[in-house]
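Reader: I've got a chain open in my viewer and I'd like to talk it through. Can you take my questions one at a time?

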Amino acid sequence: MKAILLAEKKQPVQLVDAPTPTAGPGQILIKLKAAALNHRDVFVQQGLYPGIKLPAILGSDGAGVVAEVGEGVDPAWRGQAVIINPGLYWGPNPRFYGSDFRILGMPDNGTFAEYVVVDKAYVHHKPGHLSFEQAAALPLAGLTAWRALMTRAGLHTSGSPEKVLVTGIGGGAALFALQFAVGAGAEVWVTSGSEEKLAKAAALGTAGGINYREPDWEKKLMTLTGGERKGYFDVIIDSAGGPGFAKLIDAAAAGGRIAFFGGTTGNITDIIPPKVFFKQLSIFGTTMGTEHEFADMLSFVTDKQLVPVVDDVFPLTDMSQAMQKMDTGKQFGKIVIKIGD
């Protein structure tokens with residue numbers, strides 16, 4: 001089979017001929033139709049990810065058709081259109097993953113290939129309203145956003161709509177947080193350093209947004225959202241961290257919840273403790289999610305007929321260009337790889 005191999009850190013990926021895997025007991029062999037990139041893939045290539053073990057076929061997100069099943073798996077799965085949960089072996093504690101947890105696509109060979117083998121527990125039916133390219137965009141970023149918004153921050157989905165702020169809109173997880181929150185009936189606001197991305201976010205159902213490059217953007221946002229008394233956010237979803245995180249403390253409502261899953265702008269600094277404890281704020285770190293959360297996310301996507309935002313589609317042969325685009329961070333939505341027909 002054709003596959004994208006990363007042999008060493010800080011080296012280009014290679015299109016290679018690799019052995020087609022076979023399905024062992026309890027496993028499913030999937031003929032992939034599409035895969036999607038995540039920053040994880042670029043970080044592994046750059047040597048900036050913990051526990052790197054190479055060589056490996058990268059790629060965590062994928063959707064395709066079941067080609068074969070191993071012993072103990074219902075043969076009815078053959079020919080089914082499926083989507084893969086890339087969060088493997090979370091473990092029994094829903095609050096924190098166990099020592100066996102890992103993400104598909106290093107050290108296990110991933111989805112940047114024509115075929116991949118996955119344990120049956122991590123294979124789900126593809127939502128019928130999604131194309132293979134759209135479905136491939138969903139798993140890793142969608143699961144991360146779902147846990148951050150629904151589990152960790154505990155967005156209220158009944159009663160009065162909550163006010164949600166999603167920072168740095170444009171990346172996959174931030175966009176899924178936006179779509180999930182809008183789908184749940186929340187009033188959603190966003191930040192971005194790009195006016196174009198703010199306009200695109202508005203088309204997805206946001207109430208508005210602000211450019212974080214503006215001085216005192218958080219004060220201007222509070223004015224836009226209803227003034228000091230009404231402008232605070234019940235839930236804030238962040239992926240940047242850095243010095244700007246302190247402004248999120250100011251933007252949070254009393255009793256507000258902040259969930260974050262990234263640190264692209266560096267270490268969090270300059271937080272004034274009384275602002276946190278007098279407002280009774282809850283701050284949650286989060287990443288990925290459980291098997292149950294993945295299933296819940298798929299059900300929500302199907303029920304609300306949500307469609308992931310795809311920025312661009314590349315063939316498998318153009319993986320280097322796709323990874324370069326991911327590294328620039330200028331995309332709005334997911335970068336998808338089309339595999340085969």
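Reader: What radius of gyration does the chain have, next to what a compact globule would have?
Author: Keep in mind that this is a predicted model. For 341 residues, a compact globule would come out near 20 Å, so that's the yardstick, and the chain agrees with it. The C-alpha trace spans about 60 × 40 × 40 Å along its principal axes. The radius of gyration of the chain is 20 Å.

Reader: And what share of the residues is buried?
Author: Buried here means under 20% relative accessible area. The accessible surface of the chain is about 14700 Å², and carbon and sulfur atoms hold 52% of that. Of the 341 residues, the buried share is 50%.

Reader: Among contacts between residues at least 6 apart in sequence, what percentage joins residues at least 24 apart?
Author: The chain has 11 helices and 18 strands. Take the contacts in the chain between residues at least 6 apart in sequence; the part that joins residues at least 24 apart is 70%.

Reader: Let's do sheets. Which strands are at the edges of the six-stranded one?
Author: The sheet is open, with parallel pairing, and its order is β13-β12-β11-β14-β15-β16. An edge strand pairs on one side only, and that fits 208-211 and 282-285. Neighbouring strands are turned by 15° against each other on average, direction ignored. The edge strands are β13 and β16.

Reader: Which helix packs on that sheet?
Author: The helix touches β11, β12, β13 and β14. Its direction makes about 160° with that of β13. The helix, residues 217-224, is α6.

Reader: What stands opposite Ser192 in β13?
Author: Strand β12 covers residues 187-192 and runs parallel to β13, with four bridges joining them. The residue in β13 opposite Ser192 is Asn211.

Reader: Now β11: which residues point the other way from Lys163 and Leu165?
Author: Side chains in a regular strand alternate between the two faces of the sheet. In β11, Lys163 and Leu165 point one way, and both are buried, as are the two that point the other way. β11 also pairs with β12 in the parallel sense over four bridges, and Lys163 stands opposite Glu187 there. The residues pointing the other way are Val164 and Val166.

Reader: Is Arg257 buried or exposed?
Author: Arg257 lies in strand β15, residues 252-260. Leaving aside neighbours within four places in sequence, its contacts include Asp234, Ile236, Ser282 and Phe284. The relative accessible area of Arg257 is 11%, and the cut-off is under 20%, so Arg257 is buried.

Reader: Which side chain makes a polar contact with the side chain of Arg257?
Author: One of the residues in contact with Arg257 is His156. The polar contact that joins the two side chains is 2.8 Å, and the partner of Arg257 is Glu162.

Reader: How about His292, buried or exposed?
Author: His292 is found in helix α10, residues 291-304. Its C-alpha atom is separated by 16 Å from that of Lys126, 166 residues apart along the chain. With a relative accessible area of 56%, against a cut-off of over 50%, His292 is exposed.

Reader: Last one: which strands stand at the edges of the three-stranded sheet?
Author: That open sheet has antiparallel pairing in the order β2-β1-β4. Strand β1, residues 2-6, is joined to β2 by four bridges, with Leu5 opposite Gln14 in β2. Each edge strand has a single partner strand, so one side is left without a neighbour in the sheet; these strands are β2 and β4.

Technical notes: Residues numbered from 1 in each chain as written. Predicted model: local features only at pLDDT ≥ 70, side-chain atom pairs only at ≥ 80, totals over all residues. Heavy atoms only, no water. Pairing = 2+ DSSP bridges. Axes fitted to C-alpha atoms, helices over the stretch in contact; angles between N-to-C directions. Contact = heavy atoms within 4.5 Å. Buried < 20%, exposed > 50% of the residue type's maximum accessible area, 1.4 Å probe, protein only. Polar contact = N/O pair within 3.5 Å; in protein donor to acceptor, adjacent residues only side chain to side chain. Rg over C-alpha atoms; globule rule 2.2 N^0.38 Å. Areas by Shrake-Rupley, 256 points an atom, 1.4 Å probe, with all protein chains shown as cover.
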